[in-house]
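Please look over the model shown below before reading on. The report after it is meant for a reader who is new to this structure.

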Amino acid sequence: EKSRAFELWTEAAELGSTYALAKIGGAHYSGNWGASQDIAKGIHCWESAAMLGSVISRHGLGFAEASKGNHDRAVRHFLIAA
């Protein structure tokens, strides 16, 4: 069940999982997995996880920047993630 997955990711993120925080960011960014779409909240989650070393979040941030037309910033995020 999608909303249950989101609940478990939330619990794991509270316990320090950067993977879960990245998944929450993606869920908010896209409005999937039982989360309401909130792009700003999704980016905030990705930024928090990226600062803790999450490659998945760096990729998400690169995607978000590319979709806004900020290709230089997107490339920087993708290079950090590589």
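The following paragraphs take up a helix pair, a set of aromatic rings and a few single residues.

The model is predicted, so that local features need pLDDT of at least 70 and side-chain atom pairs count only at pLDDT 80 or more, while totals for chains, interfaces and linings use all residues. Residues are numbered from 1 along each chain as its sequence is written, and side-chain values use heavy atoms, with hydrogens and water left out.

**Helices H4 and H5**

Helices here are DSSP runs of H or I with at least four residues, numbered from the N terminus. Helix H4 (residues 55-67) packs with helix H5 (residues 71-81) at an angle of about 165°, and their axes are 8 Å apart; the axes are lines fitted to C-alpha atoms over the stretch in contact, and angles run from 0 to 180 degrees between N-to-C directions. H4 and H5 are therefore roughly antiparallel to each other, a term used for angles over 145 degrees. On the H4 side, the contact (heavy atoms within 4.5 Å) is made by residues including Val 55, Leu 61 and Phe 63, and on the H5 side Ala 74, Phe 78 and Ile 80 are among them.

**Aromatic rings**

A search of the whole structure finds 3 aromatic pairs, where rings of Phe, Tyr and Trp (its six-membered ring) pair if their centres lie within 6.5 Å. Tyr 29 and Trp 46 form one such pair, with 5.0 Å centre to centre and 35° between the planes, which counts as tilted since planes under 30 degrees apart are stacked and those over 60 edge-to-face, with the rest tilted. The pair links distant parts of the chain, with Tyr 29 in helix H2 (residues 18-30) and Trp 46 in helix H3 (residues 39-51), 17 residues apart. Tyr 29, Trp 46 and Phe 63 form one aromatic cluster.

**Accessibility of single residues**

Buried means under 20% relative accessible area, exposed over 50% and partly exposed in between, with a 1.4 Å probe and protein chains only.

| Residue | Relative accessibility | Class |
|---|---|---|
| Tyr 29 | 13% | buried |
| Trp 46 | 6% | buried |
| His 28 | 7% | buried |
| Ser 30 | 34% | partly exposed |

His 28 lies in helix H2 and, not counting residues up to four places away in sequence, touches Phe 6, Ala 35, Ser 36, Gln 37, Asp 38, Ile 39, Lys 41 and Gly 42. Ser 30 also has its place in helix H2, and from C-alpha to C-alpha Ser 30 and Gly 53 are 22 Å apart in space, with their positions 23 residues apart in sequence counted as their separation.

Key: Helix = DSSP H or I, 4+ residues; strand = E, 2+ residues; numbered from the N terminus. Parallel < 35°, antiparallel > 145°, perpendicular 65-115°, else oblique.
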